[in-house]
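Visitor: Could you take me closely through one helix of this protein, and then set that helix in the context of the rest of the chain? I would like to know which of its residues are turned away from solvent and what comes after it.

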Amino acid sequence: MIHYDLVNVVLMRLPSLNAIRAFEAVCRHGSILKAAEELNVVRGAVRQQIATLENHFGRKLFTRDGRRLVPTLQARAFAEASGAAFDILQRAAFELDGTAANRIRLGVPSAFAVWWLMPRVAAMQASLGDTVDIVPMTIVEPLQMHPELDAVIMGGEYRPAAGITALRFMEDEFGPVATPSLAATLSRDPVAMGALTMLASRSVPKLWDEWFAESGTPPVVFSRAQEFEDLLLALAAARSGLGIALAPRASIEDDLKRGHLVAPYGFISRPSGYSFCCRMPDAKRPAFAALSGWLLRCGTPA
């Protein structure tokens with residue numbers, strides 16, 4: 001009886017789900033009007049739900065940046081958790097009524113999604129139909145940390161986890177890349193890179209260290225380093241001539257073919273490659289098998 005009383009107390013302290021839904025929509029859009037359009041309600045209703053939530057927590061949840069509403073630091077964390085929770089509820093509801101038995105929410109590193117997966121997405125849909133929702137991930141984390149996803153593509157070492165099936169579907173190479181004009185200033189000795197700005201990504205913070213270790217190259221002391229939130233931004237900076245970045249080849253293959261980037265010291269094998277990691281409930285086994293087979297076919301060199 002004490003257990004149920006405790007649960008009831010906790011549930012009574014939760015704010016209205018309608019208020020949370022309105023709040024989460026405003027956070028995504030930065031606008032009450034756009035949130036109201038998404039939810040198919042009038043703006044006054046959204047304002048009222050936000051006021052209800054602010055009264056519940058006893059604090060303001062937004063600041064203004066021009067005409068845009070920006071959640072506070074604490075509110076942003078709550079919005080991210082709310083979005084993930086709604087995703088979980090929606091997926092569970094679809095599975096309960098059988099309408100999403102074959103649909104997969106696939107988390108993909110943003111650079112890999114843009115430069116490797118998206119050029120092949122038409123072929124993927126031709127082979128699998130419209131069964132995969134691609135969710136770009138700025139920071140790639142193990143699937144067990146993302147209950148809102150069915151599967152993720154992981155680059156680098158994968159450590160097995162209970163209830164997660166992993167398939168290594170593609171090898172990869174990695175190496176330093178820069179524009180042809182910057183690369184032309186370098187000598188054959190990698191120590192020459194020290195004169196350039198090292199471009200790094202917080203989403204894969206050990207990529208440079210891994211390359212030095214795997215290539216047998218002594219770590220280079222760079223004159224300057226610049227960090228970006230994810231690899232996609234670091235590679236964009238390299239493409240603009242800002243410095244030299246460490247890139248998995250799969251993420252910049254198109255740039256190499258077009259001559260936008262070159263690899264002055266070549267590429268070395270990245271032993272861990274890429275893995276497709278998924279939960280595999282019985283209802284989705286056919287969809288996972290089809291996606292796994294497609295990834296293997298595309299990831300195997302011709």
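**Helix H11 and its surroundings**

Guide: In helix H11, which runs over residues 249-258, the buried residues are Ala250, Ser251, Ile252, Asp255 and Leu256. The model is a predicted one, and this applies to everything that follows. A residue is called buried here when its relative accessible area is under 20%. Asp255 meets that criterion, although aspartate belongs to the charged class. Directly after H11 comes glycine 259, whose phi is positive, near 80°.

A little further along the sequence are residues that take part in a contact with a distant loop. Threonine 179, which sits in the loop between strand S6 (165-177) and helix H8 (180-183), is in contact with His260, Leu261 and Val262, and also with Ala238, Arg239 and Gly241, once its neighbours within four places in sequence are left aside. Is threonine 179 buried or exposed? Its relative accessible area is 9%, under the 20% limit, and therefore it counts as buried.

Strand S6, which precedes that loop, also holds threonine 165. At 38% relative accessibility, threonine 165 counts as partly exposed, because the value falls between the limits of 20% and 50%. Threonine 165 also has a partner far along the sequence: cysteine 277 is 112 residues away in sequence, yet the two C-alpha atoms are 5.6 Å apart in space. Across the chain, of the contacts between residues at least 6 apart in sequence, 75% join residues at least 24 apart.

Helix H4 (residues 43-57) offers a useful parallel to H11. Its 15 residues, at 1.5 Å a residue, should span 21 Å, and the C-alpha atoms at its ends are indeed 21 Å apart, so expectation and model agree. The buried residues of H4 are Val46, Ile50, Leu53 and Glu54. Viewed down the axis of H4, these buried residues fall within an arc of 100°, and so they line one face of the helix. The general background is that an α-helix has 3.6 residues a turn, so residues three or four places apart point the same way. Like H11, H4 is followed by a glycine with a positive phi: glycine 58 has a phi near 70°, and glycine 259 after H11 has one near 80°.

A positive phi also appears ahead of H4, though not at a glycine. Asparagine 40 has a phi of about 60°, and its place is in the loop between helix H3 (32-39) and H4. With a relative accessibility of 69%, over the 50% limit, asparagine 40 counts as exposed.

The open and enclosed spaces of the model complete the surroundings. A search of the whole structure for cavities of 30 Å³ or more finds one, with a volume of about 50 Å³. Its lining consists of Leu199, Ala200, Ser201, Val204, Pro205, Leu207, Trp208, Leu231 and Leu246; by class, these are eight nonpolar residues, one polar residue and no charged residue. Strand S7 (197-201) and helix H9 (207-215) each supply at least two of them, and S7 gives the most, with three.

Helix H9 also contributes at least two residues to the lining of the largest pocket, as do helix H6 (110-117), strand S5 (151-155) and strand S10 (268-278). About 870 Å³ of space lies in this pocket, and of the 34 residues that line it, the closest to its centre are Gly155, Gly156, Glu157, Val204 and Glu210. S10 provides the largest share of the lining, four residues. The lining as a whole divides into 17 nonpolar, eight polar and nine charged residues.

The second largest pocket holds about 630 Å³ of space. It is lined by 19 residues, among which Glu24, Ala79, Glu80, Gly83 and Ala84 lie nearest its centre. Helix H2 (17-29) and helix H5 (73-97) each supply at least two residues of this lining, with H5 giving the most, eight residues. By class, the lining has eight nonpolar, three polar and eight charged residues.

As for the chain to which H11 belongs, there are twelve helices and ten strands, and 41% of its 302 residues count as buried.

Notes:
Residues are numbered from 1 along each chain as its sequence is written. This is a predicted model: local features need pLDDT of at least 70, side-chain atom pairs count only at pLDDT 80 or more; totals for chains, interfaces and linings use all residues. Side-chain values use heavy atoms; hydrogens and water are left out. On a 1 Å grid over the protein atoms alone, a cavity is a set of points where a 1.4 Å probe fits but cannot get out, and a pocket is an open set with protein on both sides within 12 Å along at least five of seven lines; lining residues have an atom within 4 Å of a point. Grid points are joined across faces, edges and corners, and a volume is the space filled by probe spheres set on the points. The expected span of a helix is 1.5 Å times one less than its number of residues. Buried means under 20% relative accessible area, exposed over 50%, partly exposed in between (1.4 Å probe, protein chains only). The arc is that of the directions from the helix axis to the C-beta atoms. Contact means heavy atoms within 4.5 Å.
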